[in-house]
Amino acid sequence: MQIAGLICEYNPFHWGHLFQINEIKKTFSPYIVAIMSSNFTQRGEPSVISKFSRARLAVDMGVSLVLELPTIYSSSSAKNFSLGGISILKSLGIIDKLYFGCENDYRFLEEINNKIINNFDKSKLESNIKKGYSYLRAMEMSFDFLNEEEKNVLNKPNNKLAIEYIRAIEKLRADFSFCGILRKETSHNDLSYSGKFSSSSYIRKLLYDKKDISTFIPYSSNNFKDLHFLDDLYDLFKFKILTYRIDYDSYMDYEEGLENRILNNLNACNVYDFINRVNSKRYTSSRIKRLMIEILLDIRRDLVKKALNVDYIRVLAMDDRGREILNLIENNKIIKFKENYDKSNGILKELMNIECKATNIYNLKNSIMNEDFTKSPYVKKN
């Protein structure tokens, strides 16, 4: 049995994701493990539908086993998102190959990564940050040793994430290979479409605008009756900022001066107006949104770093092949949330507490509480 690994958000699952799954089955193996984002995503936003719904759809669409990428990583930067996902895949001890989507050939991405490793000058990055540029822009400016083609390739969203996966595999010394699958028709953040293929960003925009998405998904649009958006949490965020003493410096996405821009713009009419006001050359929208989630859930920098050393294997959904895969994993490594919560301690307990808080805050609009304890993994009946 060969087993493929994926790290994903499926926010939401679309035809491009199905194409990727079918390619893996056709060229490598029908056994696929997906490490999927919790209820908050890398852009610092709630997923449009819950982790439980997305996991069920993923298995219905062909994934064998869906494991949770805990919120501390799923709502983090590309670097930490990748490290969290790779650390879980490594802890399984059974993955043969990681697959990811990319806009260019993954071997070219590997060449660019090696060039960065051999030529990167950290002092240039620090100098650009001091000039007031955002971390991402400062990083791009310090890559002056790359040619124009390499810079253009590196600036594509999926390519950036793919390179972070490659770096995480190297850093964590994971013992599986990797392979990129070229994205079908559209890029990661494209607000456009080609035939039935579109990006998740475009589908989310359609959902927000209450428009039909049925062309762009390989399942019923009835799955999208209960939608979640960042604006749902804006009042709660304002309440926390105004009520609690916030230790901004303890959060991963904080940059000096951001607290002043936050406090001076809390009178914005909605969260999107707020982000546009706080946003600047130095403070990107994604960073602002991630910091908002970190403050809401109290996800601190030190926990994100320490958690990489803790096994977190939690099943959200599976089919019969997923059961076979589970039988290969040491049973004491697998988290059964309700059973494990009381007897867990240390960093694992902190992770579980944040997951409970994240799910409860996500579900506030529906008055659903403690779903992590009451919701069982979805099992597809073949």
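Me: Contact here means heavy atoms within 4.5 Å. Which residues in α4 and α9 meet?

Reply: First, a caution: this is a predicted model. From α4, you have Ala78, Lys79, Phe81, Ser82, Leu83, Ile86, Ser87 and Lys90. Their partners in α9 are Leu161, Glu164, Tyr165, Ala168, Ile169, Lys171 and Leu172. Sorted by class, the contact of α4 with α9 has 9 nonpolar, 2 polar and 4 charged residues.

Me: At roughly what angle do the axes of α4 and α9 cross?

Reply: Find helix α4 at residues 78-92 and helix α9 at residues 157-172. Their axes come within 8 Å and cross at roughly 50 degrees. To put a word on an angle, remember that under 35 degrees counts as roughly parallel, and 65 to 115 as roughly perpendicular. The angle therefore makes α4 oblique to α9.

Me: And is the crossing of α4 and α9 left-handed or right-handed?

Reply: The rule is to look at how the near helix is turned from the far one: clockwise by less than a right angle is right-handed. For α4 passing α9, the crossing is right-handed.

Me: Which residues in α5 meet α9?

Reply: Start with the geometry. Helix α5 covers residues 106-119, and its axis comes within 10 Å of the α9 axis, crossing at roughly 65 degrees. This crossing is right-handed. On the α5 side, Leu109, Glu110, Ile112, Asn113, Ile116 and Ile117 make the contact. They meet Asn159, Ala162, Ile163, Ile166, Arg167 and Glu170 in α9. By class, that comes to 7 nonpolar, 2 polar and 3 charged residues.

Me: Let's try another pair. Why is α13 oblique to α14?

Reply: Look at the angle again. The axes of helix α13 (residues 271-278) and helix α14 (residues 285-297) cross at roughly 120 degrees and come within 9 Å. That angle is why α13 is oblique to α14. The handedness of this crossing is right-handed. Val271, Phe274, Ile275 and Val278 of α13 make the contact with Ser285, Ile288, Lys289 and Met292 of α14. The class split for α13 with α14 is 6 nonpolar, 1 polar and 1 charged residues.

Me: Now for pockets. What volume does the second largest pocket have?

Reply: The general idea is that rolling a probe the size of a water molecule over the atoms shows where empty space is left. In this model, the second largest pocket has a volume of about 320 Å³. It is lined by 18 residues, and the closest to its centre are Ile335, Lys336, Phe337, Ser376 and Pro377. Elements giving two or more residues to this lining are β8 (313-318), β9 (334-335), α17 (337-341) and α19 (371-374).

Me: Which element gives the most to the lining of the second largest pocket?

Reply: That's β8, with 4 residues. As for chemistry, the lining of the second largest pocket divides into 10 nonpolar, 2 polar and 6 charged residues.

Me: Last one, on the backbone. Which residues does a cis peptide bond join?

Reply: Read omega: here it is about 0 degrees for the cis bond joining Asn11 and Pro12. Pro12 sits in the loop between β1 (3-8) and α1 (15-27).

Me: And what is the phi of Tyr10?

Reply: Tyr10 has a positive phi of about 50 degrees, although Tyr10 is not a glycine. You'll find Tyr10 in the loop between β1 and α1.

How values were computed: Residues numbered from 1 in each chain as written. Predicted model: local features only at pLDDT ≥ 70, side-chain atom pairs only at ≥ 80, totals over all residues. Heavy atoms only, no water. Axes fitted to C-alpha atoms, helices over the stretch in contact; angles between N-to-C directions. Parallel < 35°, antiparallel > 145°, perpendicular 65-115°, else oblique. Nonpolar A, V, L, I, M, F, W, Y, C, P; charged D, E, K, R; others polar. 1 Å grid on protein atoms, 1.4 Å probe; cavity = no way out; pocket = protein on both sides within 12 Å on 5 of 7 lines; lining within 4 Å. Points joined across faces, edges and corners; volume = space filled by probe spheres on them.
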